[in-house]
Amino acid sequence: MTSQKAVLKLDVHDNKDKRKAMKIVSGFAGVDSIDINLKDQKLTVAGAVDPVELVGKLRKVFITEIVSVGPAKDAQKKDGDKKEGDKGGKDSAKVAPLPYVYYQPPPPHPYYYPNYIAEEGPNSCVIC
């Protein structure tokens, strides 16, 4: 799913409602940014998230309706930057790979490997 911007009208009145809405919206995968305007009672969500699912979840707690849905402006800027960016010429910085360090775990504690010696006595039973 492509990145898009959804503006929702949300019935929030105080910071407690704002926190509830932020918690619900932040639980969705693909959300890039969240902005809540208490004065206009609008919630703006940018990212690869389905606005219908978002409204369905928010309607369980708040009165919610979709104002507008469109492409995110950041996605258009990023595409323009990629076309104009350099292709890795002489000035591009290269990062040296980190050397591989072998990790050897410590030996197990002797407590986990007790030395039991099974001795057979005249009145004992050893199960093998």
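This is a selection-by-selection tour of a predicted model.

**Whole chain**

Start with the full chain in cartoon view. The protein chain has 3 helices and 4 strands. Trace the cartoon along the sequence and the pattern reads β-α-β-β-α-β-α. Now switch to a surface. The accessible surface of the protein chain comes to about 11,000 Å². Carbon and sulfur atoms account for 54% of that surface. Of the 128 residues in the protein chain, 20% are buried. Contacts in the protein chain reach far along the sequence: among those between residues at least 6 apart, 65% join residues at least 24 apart.

**Strand β1**

Select residues 4–10, which form strand β1. How many of the 7 residues of β1 are buried? The count is 5, so β1 is largely enclosed by the rest of the structure.

Add residues 42–47, strand β3. β1 and β3 pair in the antiparallel sense, with 6 bridges between them. Next add residues 64–71, strand β4. β1 and β4 are also antiparallel, and they pair over 7 bridges.

Click Val 7 to see both pairings from one residue. Its bridge partner in β3 is Thr 44. In β4, Val 7 stands opposite Ser 68.

**Gln 4 and its surroundings**

Move to Gln 4, in strand β1. Buried or exposed? Gln 4 has a relative accessible area of 16%. The cut-off for buried is under 20%, so Gln 4 is buried.

Look across to β3, where the bridge partner of Gln 4 is Gly 47. Then show every residue in contact with Gln 4, leaving aside neighbours within four places in sequence. The list includes Val 45, Ala 46, Gly 47 and Val 49. Pro 51 is on the list too, along with Val 69, Gly 70, Pro 71 and Ala 72.

**Gly 70**

Pick Gly 70 from that set. Gly 70 lies in strand β4. Its relative accessibility is 23%, so Gly 70 counts as partly exposed. Which residues does Gly 70 touch, not counting those up to four places away in sequence? They are Gln 4 and Lys 5. Draw a C-alpha to C-alpha distance from Gly 70 to Lys 5. The two are 5.3 Å apart in space and 65 residues apart in sequence.

**Strand β2 and the hairpin**

Keep β3 on screen and add residues 31–37, strand β2. β2 and β3 run antiparallel and are joined by 6 bridges. For one of these pairs, select Ser 33: its bridge partner in β3 is Ala 46.

Follow the chain from β2 into β3. This hairpin has 4 residues between the strands. Stop at Gln 41, in the loop between β2 and β3. Check the backbone here: phi of Gln 41 is near 55°, a positive value in a residue other than glycine. Gln 41 has a relative accessibility of 18%, so this loop residue counts as buried.

**Helix α2**

Select residues 51–58, helix α2. Colour Pro 51, Leu 54, Val 55 and Leu 58, the buried residues of α2. Now turn the view to look down the helix axis. These buried residues fall within an arc of 95°, so they line one face of α2.

What do the buried residues of α2 pack against? Show β1, α1 (15–26), β3 and β4: these are the elements they pack against.

Rotate to the face of α2 turned away from its buried side. Two exposed residues are there, Val 52 and Glu 53.

**A nonpolar patch**

Leave Val 52 selected and return to the surface view. Add Ile 66 and Val 69. Val 52, Ile 66 and Val 69 form a nonpolar patch on the surface. Together they have about 250 Å² of accessible area.

Finish on Ile 66, which is found in strand β4. Ile 66 has a relative accessible area of 40%. That places it between the cut-offs of 20% and 50%, so Ile 66 is partly exposed.

Note on methods:
Residues are numbered from 1 along each chain as its sequence is written. This is a predicted model: local features need pLDDT of at least 70, side-chain atom pairs count only at pLDDT 80 or more; totals for chains, interfaces and linings use all residues. Side-chain values use heavy atoms; hydrogens and water are left out. Two strands pair if DSSP finds at least two bridges between them. Patches are made of residues with over 30% relative accessible area and no salt bridge: like charges are joined within 9 Å, nonpolar side chains (Val, Leu, Ile, Met, Phe, Trp, Tyr) within 5 Å. Accessible areas come from the Shrake-Rupley method with a 1.4 Å probe; for residues, only the protein chains shown count as cover. A salt bridge is a side-chain nitrogen of Lys or Arg within 4 Å of a carboxyl oxygen of Asp or Glu. Buried means under 20% relative accessible area, exposed over 50%, partly exposed in between (1.4 Å probe, protein chains only). The arc is that of the directions from the helix axis to the C-beta atoms. Contact means heavy atoms within 4.5 Å.
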